[in-house]
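Hi,

Here is the structure I promised to pass on. My notes on it follow below the display.

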Amino acid sequence: MFSDMEKLKAEDTRYIKRKVKGGSLDVHPTEKALIVQYEVEATILGEMGEPMVGERKECQKIIRLKSLNVNTDIASLAQKVVEECRLIHPSKLPEVEQLLFYLQNCRKPDKQEKHSSRDFISFEGMELDQEANINSIDDYVELLYEEIPEKVKGATLILHLARNSGNLKDLMQNKTALGALARVLREDWKQSVDLTTTIISVFFCFSSFSQFHMLVTHYKVGALCMNIIEHELMKYDLWQDELQKKKQACDDDPENQNAKKEHEKALRKYQGLLTKQEQLLQVGLYLLLNLAEDTWTELKMRNKNIVQTLVKTLERQDEELLLVVVTFLKKLSVFMENKNDMAETNAVMKLARLLSSDHKDLLNNTLRLLLNLSFDTGIRSQMVQAGLIPKLSSLLADESQRQLCMCILYHISMDDRFKSMFAYTDCIPQLMKMLFVCGESHTDKKLISFCINLAANKKNAQVICEGNGLKMLMNRGLKPKDVFFMKMIRNLSQHDGPTKSLFIDYVGDLAAQVVGEEKEDYVIECLGTLANLTIPDLDWDLVLKEYNLVPYLKDHLKPGSAEDDLILEMVILIGTVSTDDSCAVTMAKSGIIPTLIDLLNVQQQDDEFVCQIIYVFYQMVFHQATRDVIIKETDVPAYLIDLMHDQNAEIRKVCHNTLDIIAEHDAAWWGRVQSEKFRWHNSQWLEMVEGRAVADDGDPFGYGDDGDPLAYIDDGDPFTRYGNILERPDLFYSADRIIPVNGTISPEVFTDYLNGDVGQAGGFPDSLNIATFGQSTVTPGQRPATTYGFRPGEQLFYSFTGAASR
């Protein structure tokens with residue numbers, strides 16, 4: 001009666017597989033069924049043999065395969081299926097055999113197997129004495145309208161159905177069942193922990209798949225879970241308080257047997273309640289974690305203090321619950337607001353105890369969470385306070401956790417305050433061992449970067465160089481020309497003490513690398529290492545001659561001849577070798593000083609360049625031969641005078657020290673330097689006085705509206721950059737009221753005073769012990785003036801106008 005089967009949609013193999021009931025081939029383990037559903041277009045043949053289209057309907061044939069097991073003959077069973085199901089054409093026997101083979105070999109769930117992160121969470125109370133059947137779903141829903149025990153049973157049966165992913169689509173379409181579950185959860189969640197846990201577990205099965213998240217959100221299960229979790233945490237605090245009271249009563253009266261029994265009874269009850277509560281918290285938090293895949297939903301959770309809730313739950317002992325909590329926190333930690341919340345709640349202190357856990361997944365997720373948090377400087381301080389450095393150092397031996405621990409420790413080592421703490425752990429020996437285990441062709445960048453940071457600390461450097469540590473590092477740095485190893489060696493070379501003396505044996509090797517045709521970044525590290533070797537016993541003159549370094553330095557020191565970083569390292573090296581008298585003479589005779597002056601003009605905006613070049617001049621003026629060259633044959637002193645008032649404090653310091661040495665050995669420059677110092681000092685004083693005079697109308701002392709005596713001074717004023725005027729003793733006069741405390745006075749004026757030509761009545765005319773009208777304010781027996789220029793009980797200075805106009 002049917003038309004040619006080849007014309008039907010059912011003949012397409014893909015159509016057959018797509019129409020398998022439930023959307024998958026998974027069926028109940030104890031009653032396997034092959035369900036093939038077609039849309040058959042019935043065709044009735046007329047008397048003349050012409051087809052007549054009849055009514056379109058869906059045909060379904062269900063064949064129960066109760067005998068299907070691992071020993072079933074698939075070929076015979078497939079033949080029987082085709083015979084009983086007239087909707088399947090005999091030509092489709094191979095497809096039926098394939099489907100049966102799949103059903104026969106489908107993997108059965110192992111009850112003893114631990115579930116992965118997306119598997120269902122098993123808990124106590126799920127056991128049933130009957131098998132759940134999807135066809136009896138209406139009966140299970142009826143149980144939800146009975147008392148609490150029947151509700152628990154009905155919810156558990158539905159849960160068993162929901163555990164099979166093939167049933168989720170059918171359950172999703174059953175609005176009555178889901179609505180009844182949501183209603184019971186909303187109304188009776190305080191009545192039974194088992195009922196609450198079971199119903200949340202049903203919705204958890206849906207939340208494990210992203211396409212069902214809207215369903216869970218529709219019934220507002222997520223918001224209800226937040227309320228339930230908060231309530232349970234409050235109950236937990238009450239339980240602990242009650243248990244503590246009974247324990248305290250038992251401790252106060254150890255002989256009281258009744259108190260002891262009450263405490264033991266309360267403890268057993270507490271442990272039972274705690275187990276069920278942790279099961280509820282675990283499935284509830286896991287459901288929220290699944291829903292948090294949507295960023296908007298996660299934001300709503302944060303607004304309800306989900307971070308504080310999770311951090312508080314970290315105090316629990318159940319490892320499966322802690323795994324869910326840590327995983328949730330790890331997901332949240334990628335947002336700055338959540339990270340700040342974790343810092344405020346001191347989550348690191350609670351996470352520190354989890355590093356000793358034997359649960360690998362929990363340990364791994366804890367380390368990943370700490371890694372996310374370690375990007376914050378404040379949280380790194382909390383990690384150190386929590387004692388994470390020795391704990392993480394001990395975990396370096398675990399190969400599975402090594403990379404995570406190394407990254408966290410690397411972030412901690414970025415802070416100079418914490419570098420020295422690594423010297424008191426077994427971290428450095430393990431790193432050195434790992435460093436030399438890896439071959440020359442492959443260097444772990446994380447590992448060597450971590451070692452570079454640690455080498456910047458003196459104590460760590462001593463530990464690294466113990467035994468043959470430095471020798472092995474030099475071999476790895478010089479032979480394969482490894483830049484990273486040279487960076488580490490350079491950091492080691494900067495520390496004074498016995499560590500620096502170990503480098504004497506490698507000076508020649510480093511110098512050979514400099515003059516060789518090596519890569520520029522590699523030469524920079526070699527030059528930097530040589531520049532750090534300020535060793536008195538080192539014969540720099542011999543090194544310069546043997547490796548012909550002077551021509552190399554002169555050629556590459558010219559502006560534009562090399563990269564700035566390389567030129568800067570050469571300048572630093574010249575400053576180091578100039579401490580030797582003979583080397584300084586060699587440098588002066590080679591004509592490097594004019595080259596340095598040219599470089600100073602080109603790099604005058606770079607403070608580092610300027611400071612290092614001036615330091616070279618400072619080293620050279622110590623030696624008679626180079627001092628004469630600098631003073632008589634170059635314009636170095638003039639440049640130093642121009643830079644002695646630079647905004648950079650280090651540049652000013654080096655300039656002043658260099659000029660003092662020049663002035664000490666040359667009379668002409670002494671007068672010029674002193675005059676410049678006096679001129680600068682006087683100009684600063686006059687600027688301050690003039691500013692006070694015009695500070696505010698009617699306010700002779702320059703006080704603003706807020707009473708701040710220096711409020712009128714602009715931030716850009718050259719005087720204020722040196723700090724508070726009252727903290728500048730060099731601007732006031734000494735006890736004899738004649739000579740400024742720093743000696744910066746015009747040499748000509750001072751000479752006139754010594755000859756008796758100035759101020760016979762009592763000092764300089766412009767000093768503060770002379771009144772505005774030229775009369776001395778000092779009388780016999782009177783107390784000397786204070787540093788502020790007036791005496792206690794005396795009317796203050798009349799006006800600054802006269803002083804400012806001089």
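Start with the cysteines. The sulfur of Cys 611 has its closest cysteine sulfur in Cys 655, 8.5 Å away. That is too far for a bond, because a disulfide needs the two sulfur atoms within 2.5 Å. A search of the whole structure agrees: it finds 0 disulfides. Cys 611 is buried, at a relative accessible area of 18%. The cut-off for buried is under 20%, so Cys 611 qualifies. Cys 205 is buried too, with a relative accessible area of 5%. Cys 655 sits in helix 37 and is also buried.

Please keep in mind that this is a predicted model. The average pLDDT of the protein chain is 77, and 74% of the residues score at least 70. Two stretches fall below 50. One is residues 696-747, which has 86 contacts in the model beyond near neighbours in sequence. The other is residues 753-806, with 54 such contacts.

Now the overall picture. The protein chain has 40 helices and 2 strands. Of its 806 residues, 46% are buried. Take the contacts with a separation of 6 or more: 67% of them join residues 24 or more positions apart. The chain exposes about 42500 Å², and carbon and sulfur atoms supply 50% of that area.

Back to helix 37, the one that holds Cys 655. The helix covers residues 649-665, which is 17 residues. Does its length come out short, long or as expected? At 1.5 Å a residue it should span 24 Å, and its end C-alpha atoms are 25 Å apart, so the two values agree. The N-terminal end is capped by Asn 648. A side-chain oxygen of Asn 648 lies 2.9 Å from the backbone nitrogen of Glu 650. Several residues of helix 37 are buried, including Ile 651, Val 654, Leu 659, Ile 661 and Ile 662. The buried set also includes Arg 652 and Thr 658.

Three more residues are worth a look.

Thr 366 is in helix 17, which runs over residues 360-373. Is Thr 366 buried or exposed? It is buried, with a relative accessible area of 0%. Where does its side chain reach? The side chain of Thr 366 goes to the backbone oxygen of Leu 362, at 2.7 Å. Leaving out residues up to four places away in sequence, Thr 366 touches Val 326, Leu 351, Leu 354 and Leu 355.

Ser 413 is in helix 20, residues 402-413. Ser 413 has 0% relative accessibility and therefore counts as buried. Which residues does Ser 413 contact, apart from neighbours within four places in sequence? They are Lys 419, Phe 422, Phe 450, Asn 453 and Leu 454.

Met 336 is in helix 15, residues 336-344. Its relative accessible area is 53%. Exposed means over 50%, so Met 336 is exposed. The C-alpha atoms of Met 336 and Leu 373 are separated by 9.6 Å, with the two positions 37 residues apart along the chain counted as their distance in sequence.

Back to the opening point: the search finds 0 disulfides, and Cys 611 is buried with its closest cysteine sulfur 8.5 Å away.

Best wishes

Note on methods: Residues are numbered from 1 along each chain as its sequence is written. This is a predicted model: local features need pLDDT of at least 70, side-chain atom pairs count only at pLDDT 80 or more; totals for chains, interfaces and linings use all residues. Side-chain values use heavy atoms; hydrogens and water are left out. pLDDT is the predictor's confidence in each residue, from 0 to 100. Contact means heavy atoms within 4.5 Å. Helices (H or I, at least four residues) and strands (E, at least two) are DSSP runs, numbered from the N terminus. The expected span of a helix is 1.5 Å times one less than its number of residues. Buried means under 20% relative accessible area, exposed over 50%, partly exposed in between (1.4 Å probe, protein chains only). A polar contact is a pair of N or O atoms within 3.5 Å; within protein, one must be able to donate a hydrogen and the other to accept it, and residues adjacent in sequence count only if both atoms are side-chain atoms. Accessible areas come from the Shrake-Rupley method with a 1.4 Å probe; for residues, only the protein chains shown count as cover.
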